[in-house]
Amino acid sequence: MRYIGDGTPWPEERSRQFVERQIGLYREQAFCLWKLLPKQGSGLIGFGGLQPLAGTPDIEIGWWLARAWWGRGLATEAARAALGDGFARVGLGRIVAIAQPANTASIRIMLKLGMRYERMTEPRGIPVALYSVTRP
């Protein structure tokens with residue numbers, strides 16, 4: 001959660017609201033953030049997928065991984081799957097991603113996905129760099 005919001009873990013109620021929002025989002029728009037599970041073993045290791053970017057008409061690709069799972073290419077793998085799903089199944093023409101400028105690992109993932117820097121913005125009151133990619 002280092003670069004998600006202000007970096008503090010969510011209380012139980014906010015976590016419950018997050019899950020309910022994802023269920024509703026999938027019902028309404030056929031996409032949401034998915035839970036990420038390890039290929040071997042069990043337990044939640046993070047989230048990845050698509051969601052509307054607050055205060056904009058854009059659809060955002062996002063990924064969150066527990067620290068123990070960083071550096072293994074899993075965020076890139078999840079992001080590629082979500083990007084492909086967004087273009088192929090959902091039919092989106094453009095997808096964006098945001099990251100705080102200090103979050104160089106996420107910015108590297110955006111570049112691997114073929115995304116290009118557009119501008120700085122503050123969709124949730126936190127300054128972030130916005131990158132985008134259009135459907136091939």
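In the predicted model, Ala30 counts as partly exposed, at a relative accessibility of 29%. This residue is placed in the loop that lies between helix H1 (12–29) and strand S1 (33–36), and its phi is positive, at about 70°, although Ala30 is not a glycine. Most residues other than glycine have a negative phi.

Two further positive phi values belong to glycines in the turns of hairpins. Strands S2 (residues 46–52) and S3 run antiparallel and are joined by seven bridges, and together they form a hairpin with six residues between them, in the turn of which Gly55 has a positive phi of about 75°. Within this pairing, Pro52 has Ile59 of S3 as its bridge partner. The hairpin of S5 and S6 has six residues between the strands as well, and there Gly125 takes a positive phi near 85°.

Strand S3 (residues 59–65) is mostly covered, seven of its seven residues being buried. The side chains are divided between two directions: Ile59, Ile61, Trp63 and Leu65 point one way from S3, Glu60, Gly62 and Trp64 point the other way, and all of these residues are buried. Leu65, which belongs to the first of these two sets, is also one of the residues that line the second largest pocket.

That pocket, the second largest, has a volume of about 180 Å³. Its lining consists of Leu36, Leu37, Pro38, Lys39, Ile45, Leu65, Trp69, Arg72, Leu74, Glu77, Ala78 and Ala81. By class, nine of the lining residues are nonpolar and three are charged, whereas no polar residue takes part. Helix H2 (residues 74–88) supplies the largest share of the lining of this pocket, with four residues.

Asp85 also lies in helix H2. With a relative accessible area of 16%, Asp85 falls under the 20% limit and is therefore classed as buried. When residues up to four places away in sequence are not counted, Asp85 touches Trp34 and Val90. The C-alpha atoms of Asp85 and Met120, which are 35 residues apart along the chain, are separated by 26 Å.

Strand S6 (residues 128–134), in which Ser132 is found, pairs with two other strands. Strand S5 (residues 116–121) and S6 pair in the antiparallel sense over five bridges, and S4 and S6 also pair in the antiparallel sense, over six bridges. In the pairing with S5, Ser132 is the bridge partner of Arg116, while in the pairing with S4, Thr134 of S6 has Arg94 standing opposite. Strand S4 (residues 94–99) is itself mostly covered, with five of its six residues buried.

The surroundings of Ser132 include residues of both partner strands, among them Arg94 and Arg116. With residues up to four places away in sequence left out of the count, Ser132 touches Arg94, Ile95, Val96, Gly114, Met115, Arg116 and Glu118. The contact with Glu118 is a polar one between the two side chains, at 2.4 Å. At 12% relative accessibility, a value under 20%, Ser132 therefore counts as buried.

Arg135 is placed in the segment after S6. In contrast to the buried Ser132, Arg135 is partly exposed, with a relative accessible area of 41%. Beyond residues up to four places away in sequence, Arg135 touches Phe87, Gly91, Leu92 and Gly93. Two of these residues are approached through their backbone: the side chain of Arg135 reaches the backbone oxygen of Gly91 at 3.2 Å, and the backbone oxygen of Leu92 lies 3.4 Å from a polar atom of the Arg135 side chain. Although Arg135 and Gly91 are 44 residues apart along the chain, their C-alpha atoms are separated by 8.7 Å.

Methods
Residues are numbered from 1 along each chain as its sequence is written. This is a predicted model: local features need pLDDT of at least 70, side-chain atom pairs count only at pLDDT 80 or more; totals for chains, interfaces and linings use all residues. Side-chain values use heavy atoms; hydrogens and water are left out. On a 1 Å grid over the protein atoms alone, a cavity is a set of points where a 1.4 Å probe fits but cannot get out, and a pocket is an open set with protein on both sides within 12 Å along at least five of seven lines; lining residues have an atom within 4 Å of a point. Grid points are joined across faces, edges and corners, and a volume is the space filled by probe spheres set on the points. Ala, Val, Leu, Ile, Met, Phe, Trp, Tyr, Cys and Pro count as nonpolar, Asp, Glu, Lys and Arg as charged, and the others, Gly among them, as polar. Buried means under 20% relative accessible area, exposed over 50%, partly exposed in between (1.4 Å probe, protein chains only). Two strands pair if DSSP finds at least two bridges between them. A polar contact is a pair of N or O atoms within 3.5 Å; within protein, one must be able to donate a hydrogen and the other to accept it, and residues adjacent in sequence count only if both atoms are side-chain atoms. Contact means heavy atoms within 4.5 Å.
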